[in-house]
Amino acid sequence: MLTVYRHNNLSGYIFLLPLFLFMAGFVLVPVVGTLLNSFYKDVPFLQSEFNGLDNYRSLGGDSSFWQSLRFSLLFVMAAVPLELLLGMVFALVLHKATNSKALLWAAVLIPWAIPSAVSARIWELIYNYNYGLANFVLTKFGLTTEPINWLGGSFSAFWAVTVADVWKTTPFVAIIILAGLQAVPDDFHESAKIDGAGFIRRFFSLTLPLLKPVIVVALLFRTIDSLRVFDVIYVLTGGGPGGATSALSLYGYEYYLIGDFGYASTISVVLFVIAMALSILYVRFSRFERE
Amino acid sequence: MKDSFGQKTLYNLGWIFVLGFCLKPVIFMLVTALGENPEYLAKGTDYSFTLGNFSDVLFTGNLHFMDYLKNSLLVSAVSAVGAVSIASLAAFSIARLRPMGRMMILFIALSVSMFPQISIVGYLFKIFSGLGWINSYIALILPYIAWVLPLSLWILVSYFSQLPDELDQAARLDGCGAFQVYWRVIIPIALPAVLSTMLLVFIFAFNEFMFALILTADHSARTVPVGIALFQGLHGEIPWGNIMAAACITTIPVIILTVLFQRRIVAGLSAGAVKG
């Protein structure tokens with residue numbers, strides 16, 4: 001009966017047409033447009049002129065750009081491992097949960113389901129100097145006598161943003177890892193237990209290696225996602241203090257805001273190229289894992 | 001085999017940690033929204049319960065919260081239906097008609113989902129300005145649909161592929177064309193998956209920030225996340241009680257949907273991510 005499919009190429013493509021049109025019109029064309037734009041110099045709200053690679057050359061001497069790039073990379077390096085670690089803990093607890101499963105699931109999904117701009121507002125209040133929860137807890141337990149200006153110092157602002165992002169996105173990592181955990185047959189664990197392997201031993205020499213494929217997936221998804229982080233930072237710090245938390249997306253956005261589309265596009269292209277390189281890596285990896 | 005005492009303790013601690021980590025900020029939001037003044041923690045003043053923040057947000061016209069909510073619900077719902085219609089046609093093609101180059105299409109879709117939004121939104125702003133679409137629903141709906149197509153496609157392909165081949169063959173022998181097989185056979189059978197994909201897309205569109213920030217200008221099209229992010233008091237101070245009340249109202253429908261459909265959300269997300 002395989003012949004049924006043989007003549008379906010044409011109708012197959014017709015069914016794909018709306019998808020192609022949307023992706024081309026609203027993703028590929030804008031991406032190409034942005035790329036072309038990056039070769040132009042915009043006089044804000046007036047006309048633009050072709051200036052070749054000048055925008056890219058300007059990046060080299062633009063210390064704010066390097067600061068943004070550095071922040072974005074540091075943010076990825078801080079947030080992603082934390083999310084993986086916590087996501088793993090969450091997944092193990094959820095995997096073990098039996099009668100309390102529905103409650104736990106709901107609790108874990110809540111941070112994921114709250115719009116990140118809204119959750120950033122919640123964290124903004126938690127970090128509030130005068131009446132935030134963070135300072136209240138620290139002073140109550142006597143850990144500091146003076147309240148801390150969380151969003152005012154570059155070091156604390158970095159971690160404030162990171163923690164807010166980790167809170168929001170750990171559930172996603174947990175879901176992915178849990179999917180992997182549930183694919184591991186129980187007998188593996190039972191026989192390892194009979195062989196006398198303890199909890200920790202079983203985790204490191206049995207669970208973790210079997211989870212490698214899903215961990216790779218979560219790692220790359222989250223890496224690319226935190227590289228393009230925008231809303232949490234826009235709301236929490238607006239890139240401050242003094243550009244200390246200005247992620248690449250935010251830095252690009254600032255140039256769009258003043259009407260310099262050329263330079264904004266250049267910054268976007270840089271971010272785009274880094275993300276593409278990572279996604280190619282991801283495709284390679286996932287193919288490799290499947291073999 | 002029974003778990004040891006130590007393991008049980010560890011598990012219970014983990015349980016409490018997970019609940020506390022996830023819910024503490026949410027409880028803080030709720031408490032602030034229901035409190036008379038947000039300073040009660042610092043100043044040691046008594047906590048006094050009030051619904052005033054909620055009534056401000058719901059009934060004070062110049063805060064425009066209800067406009068934002070309406071815009072968000074409309075834009076997200078239309079995006080969800082649109083995206084899943086388009087993605088299910090494409091997924092049907094890939095999973096059931098199996099045209100040449102389908103793996104290529106799936107990988108292209110995957111890489112598209114990795115594009116940073118900032119590399120799209122500036123150009124969209126230019127085009128939409130020219131068309132006079134800025135600050136309209138269409139300026140959000142069209143990019144949202146394009147934006148969530150990859151995720152929808154991956155989820156639906158992974159689901160449609162699991163259905164037995166005999167379904168299509170039987171329908172074909174009865175004289176159904178490709179579209180009839182899609183509409184009369186596959187969609188009804190896959191309805192739970194289709195609806196849960198719609199729910200996921202709805203949540204993604206409801207969450208989206210950057211497009212909504214740049215492509216809208218005021219309360220006639222602005223969505224809730226942007227509205228809450230830009231919420232200002234009438235006199236310049238930050239009205240924390242109102243903001244947290246607005247956050248609660250925004251969060252409640254999402255939480256209800258999430259709790260009701262948690263199984264499907266988890267299945268959808270892990271299918272979208274892991275099977276890719």
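Biologist: How much area does chain A expose, and what share of it do carbon and sulfur atoms supply?

Modeller: Bear in mind that this is a predicted model. The area that chain A exposes comes to about 13,200 Å². Of that, the share supplied by carbon and sulfur atoms is 68%.

Biologist: And what is chain A built from, in helices and strands?

Modeller: Chain A has 291 residues, and buried ones make up 55% of them. Its C-alpha trace spans about 75 × 75 × 30 Å along the principal axes. As for secondary structure, the count for chain A is 13 helices and 2 strands.

Biologist: Take the contacts in chain A between residues at least 6 apart in sequence: what percentage join residues at least 24 apart?

Modeller: Contact here means heavy atoms within 4.5 Å. With that cut-off, and counting pairs at least 6 apart in sequence, the part joining residues at least 24 apart is 68%.

Biologist: Let's move to the partner chain. How much area is buried between chain A and chain B?

Modeller: On the chain A side, 98 residues are in contact, and they meet 103 residues of chain B. People often give the size of an interface as the accessible area lost when the parts come together. Carbon and sulfur atoms give 79% of that area here, and the total buried between chain A and chain B is about 9,300 Å².

Biologist: Which helix of chain A gives the most to the side that touches chain B?

Modeller: Polar links first: across this interface the rule finds 0 salt bridges, while 11 residue pairs are in polar contact. On the chain A side, the top contributor gives 20 residues and runs through residues 9–37: helix α2.

Biologist: Is A:Ser11, in that helix α2, buried or exposed?

Modeller: Leaving aside neighbours within four places in sequence, A:Ser11 is in contact with B:Leu97 and B:Ala178. Its relative accessible area is 19%. The cut-off for buried is under 20%, so A:Ser11 counts as buried.

Biologist: Which helix gives the largest share of the nonpolar patch on the surface?

Modeller: The patch is formed by A:Phe199, A:Ile200, A:Phe204 and B:Leu10, with about 420 Å² of accessible area together. The largest share is 3 residues, and they come from chain A's helix α10.

Biologist: What is the relative accessible area of A:Phe199?

Modeller: A:Phe199 sits in helix α10 of chain A and belongs to the nonpolar patch. Partly exposed covers what lies between under 20% and over 50%. A:Phe199 is partly exposed because its relative accessible area is 35%.

Note on methods
Residues are numbered from 1 along each chain as its sequence is written. Chains are lettered from A and ligands numbered from 1 in the order in which they are written. This is a predicted model: local features need pLDDT of at least 70, side-chain atom pairs count only at pLDDT 80 or more; totals for chains, interfaces and linings use all residues. Side-chain values use heavy atoms; hydrogens and water are left out. Patches are made of residues with over 30% relative accessible area and no salt bridge: like charges are joined within 9 Å, nonpolar side chains (Val, Leu, Ile, Met, Phe, Trp, Tyr) within 5 Å. Accessible areas come from the Shrake-Rupley method with a 1.4 Å probe; for residues, only the protein chains shown count as cover. A salt bridge is a side-chain nitrogen of Lys or Arg within 4 Å of a carboxyl oxygen of Asp or Glu. Helices (H or I, at least four residues) and strands (E, at least two) are DSSP runs, numbered from the N terminus. Buried means under 20% relative accessible area, exposed over 50%, partly exposed in between (1.4 Å probe, protein chains only). Buried area is the accessible area (1.4 Å probe) that two parts lose on being put together, summed over both. A polar contact is a pair of N or O atoms within 3.5 Å; within protein, one must be able to donate a hydrogen and the other to accept it, and residues adjacent in sequence count only if both atoms are side-chain atoms.
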